[in-house]
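Reader: Hello, and thanks for taking a moment with me. Could you walk me through one part of this model at close range?

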Amino acid sequence: MNRFSIRDIAHAGLVAALYAVLSLAFAPISFGVYQIRVAEALTVLPFFLPAAIPGLYVGCLLANVFGNVGWIDIVVGPLITLVAAVLTHRAGMLSRRAALLPAVLPVVLMWLGAVYLLSGLVLTLLTVLGAALGVAAVVPLLVYRTPKGKAADDLREQIGTRFIVSLILAMVAVLLLRVTPDTYFIVCGALLMVAAVAGAGVFSWSLVSEIGPGVLLAPLPPVVLNALGVSAYLAPIIGVNYWFCVQMVGVGELIACYVIGLPLLGLLRRRSVFPPNLS
């Protein structure tokens, strides 16, 4: 009981209320295959705030009761949110070295999602190849070359700068090669593209900051678990292909958790909303 104070209860209740209200306020885009549940931006909070874990579970439960998807969404959906929240909190406990390489994954996912939505499968496969070659070039610098002090900072800034520049150049190429006529895909693809470049900037900054690159992993569990888990029951209910549902739910989660959620996390952290003992 000492570990869960009145303040924690207040935080949990506030998160639950905000999640439910945001889900219902944006109901047209909170449920279904083509969804960007704005409330999912709050799923990054357990990274610094453990009390948000039960709050997210209760908030998702309340929201899904009014979602008209069915009992399975009321039972399974909140459980997925709960597991994702626990994993997000665990991400906040990773050491800088353990979080270093996994932190690149969200940026790559956002970039691949943007390329897929805007330019289709062929260019996405070429992008996967390019990303693999890029990671292969960076890993030796990060793993085998471990300078100290200013030399380490210079190396990290150099890697981060190259990462950002390469994404910006690739963004121009993808926009020039854009083939999709679908407005929804264009909007979502553009948002993911901007988020990927911003994510690369966050990655670069985190290499020399006190927080570390693990912050980029905070929104990843809800993205992956909702895309794979929610789609498992949502696809047959709505009558669409499972993998198509995974793509659409995953895109919505990437936008909610990274485009909205990650800046929110940074803003709250900068304003010292989180207690010092949680950082």
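Where is the place of His-89?

Author: Happy to. Please keep in mind that this is a predicted model, in which local features need pLDDT of at least 70 and side-chain atom pairs count only at pLDDT 80 or more, while totals for chains, interfaces and linings use all residues. Numbering starts from 1 along each chain as its sequence is written, and side-chain values use heavy atoms, leaving out hydrogens and water.

His-89 sits in helix 3 (residues 71-91); helices are DSSP runs of H or I with at least four residues, numbered from the N terminus. With a relative accessibility of 18%, His-89 counts as buried, that is, under 20% relative accessible area with a 1.4 Å probe and protein chains only. Leaving aside residues up to four places away in sequence, His-89 touches Pro-46, Phe-47, Pro-50 and Ile-53, where contact means heavy atoms within 4.5 Å.

Ile-53 leads us on to helix 2 (residues 52-65), whose axis comes within 7 Å of that of helix 1 (residues 6-25), crossing at roughly 30°. Axes here are lines fitted to C-alpha atoms over the stretch in contact, with angles from 0 to 180 degrees between N-to-C directions. The two helices are therefore roughly parallel, a label for angles under 35 degrees. Among the residues making this contact are Ala-12 and Tyr-19 of helix 1, and Gly-55 and Cys-60 of helix 2. By type, the contact residues comprise 13 nonpolar, three polar and no charged; Ala, Val, Leu, Ile, Met, Phe, Trp, Tyr, Cys and Pro count as nonpolar, Asp, Glu, Lys and Arg as charged, and the others, Gly among them, as polar. Cys-60 is buried too, at 2% relative accessible area.

Key:
Angles under 35 degrees count as roughly parallel, over 145 as roughly antiparallel, 65 to 115 as roughly perpendicular and the rest as oblique. Buried means under 20% relative accessible area, exposed over 50%, partly exposed in between (1.4 Å probe, protein chains only).
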